[in-house]
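Here is a briefing on one chain. Look over the sequence and the model first, then read on by topic.

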Amino acid sequence: MTNVGDGYVTATGSFTAPLGGVYAFSVFFQNGNSGNVDADVAIVLNAETQVCKADATSRRDAASCSVVLELREGDVVDVRGANEGAKLDFYGIDHGFSGFLVG
Ligand SMILES: [Ca+2]
């Protein structure tokens, strides 16, 4: 995993902006094959604002979203389940969260 600036903390899955600027983020996942297959996954700013949402609706449905954000130093970006009650049953290894500083 590339983690320039050490803003990403593996243990929590959250990214803290080491400096202000414009950042791009994306998340993707593939739904599971059983159970509640209506999973949504959101990129969340400072634990309160959903800035984009990947919305899967059926078995093995793949979903993604990308967003460009202007962050201040110390802003926190992470990924959360966004559909209460839906089990996040990721399929295989087809999920991820990435971001980078645009400038
Ligand atoms: Ca959904």
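Three strands make an open sheet, ordered β6-β3-β8, with antiparallel pairing. Its edges are β6 (62–71) and β8 (95–101), each of which pairs on one side only. Averaged over neighbouring strands of this sheet, the turn against each other is 10 degrees, direction ignored. The model is a predicted one.

**Strand pairing**

- β3 and β8 are joined by 7 bridges in the antiparallel sense.
- Within that pairing, S26 has S98 in β8 as its bridge partner.
- β4 and β7 also run antiparallel, and 5 bridges join them.
- There, A42 is bridged to R80 in β7.
- β7 takes part in another antiparallel pairing: β2 (residues 14–16) pairs with β7 (residues 76–81) over 2 bridges.
- F15 stands opposite V77, a residue of β7.
- In general, side chains of a regular strand alternate between the two faces of the sheet.

**Overall make-up**

- Which secondary structure does the chain hold, helices or strands? The count is 0 helices and 8 strands.
- Read from the N terminus, the order of elements is β-β-β-β-β-β-β-β.
- The C-alpha atoms fill a box of roughly 40 × 25 × 20 Å along the principal axes.
- The radius of gyration is 14 Å; this agrees with a compact globule, because 103 residues in such a globule would give a value near 13 Å.
- Buried residues account for 18% of the 103 residues.
- Take the contacts between residues at least 6 apart in sequence: 73% of them join residues at least 24 apart.

**Nonpolar core**

- The largest nonpolar core contains 14 residues.
- Which residues have the most contacts inside this core? They are V27, V41, I43 and A54.
- Two elements, β3 (21–30) and β4 (40–45), give two or more residues to the core.
- β3 gives the most, with 4 residues.
- Leaving out residues up to four places away in sequence, A54 touches V27, F28, F29, D40, V41, A63, S64 and C65.
- That list includes V27 and V41, which are themselves among the core residues with the most contacts.

**Positive phi outside glycine**

- Most residues other than glycine have a negative phi.
- D6 has a positive phi, near 55 degrees, and is not a glycine.
- D6 sits in the segment before β1 (8–9).
- Is D6 buried or exposed? D6 counts as exposed because it has 8 C-beta neighbours inside 10 Å, and the cut-off for exposed is 12 or fewer.
- A47 is another residue other than glycine with a positive phi, at about 65 degrees.
- A47 lies in the loop between β4 and β5 (49–55).
- Why does A47 count as exposed? The reason is its 10 C-beta neighbours inside 10 Å, set against the cut-off of 12 or fewer.

**To take away**

- The open sheet has the strand order β6-β3-β8.
- β3 pairs with β8 in that sheet and also gives the most residues to the largest nonpolar core.
- β4 gives two or more residues to that core and is joined to β7 by 5 bridges.
- D6 has a positive phi and counts as exposed.
- A47 has a positive phi too and likewise counts as exposed.

Technical notes. Residues numbered from 1 in each chain as written. Predicted model: local features only at pLDDT ≥ 70, side-chain atom pairs only at ≥ 80, totals over all residues. Core = buried A, V, L, I, M, F, W, Y, C linked by C-beta atoms within 7 Å. Buried ≥ 20, exposed ≤ 12 C-beta atoms within 10 Å, placed from the backbone. Contact = placed C-beta atoms within 7 Å. Rg over C-alpha atoms; globule rule 2.2 N^0.38 Å. Pairing = 2+ DSSP bridges. Axes fitted to C-alpha atoms, helices over the stretch in contact; angles between N-to-C directions.
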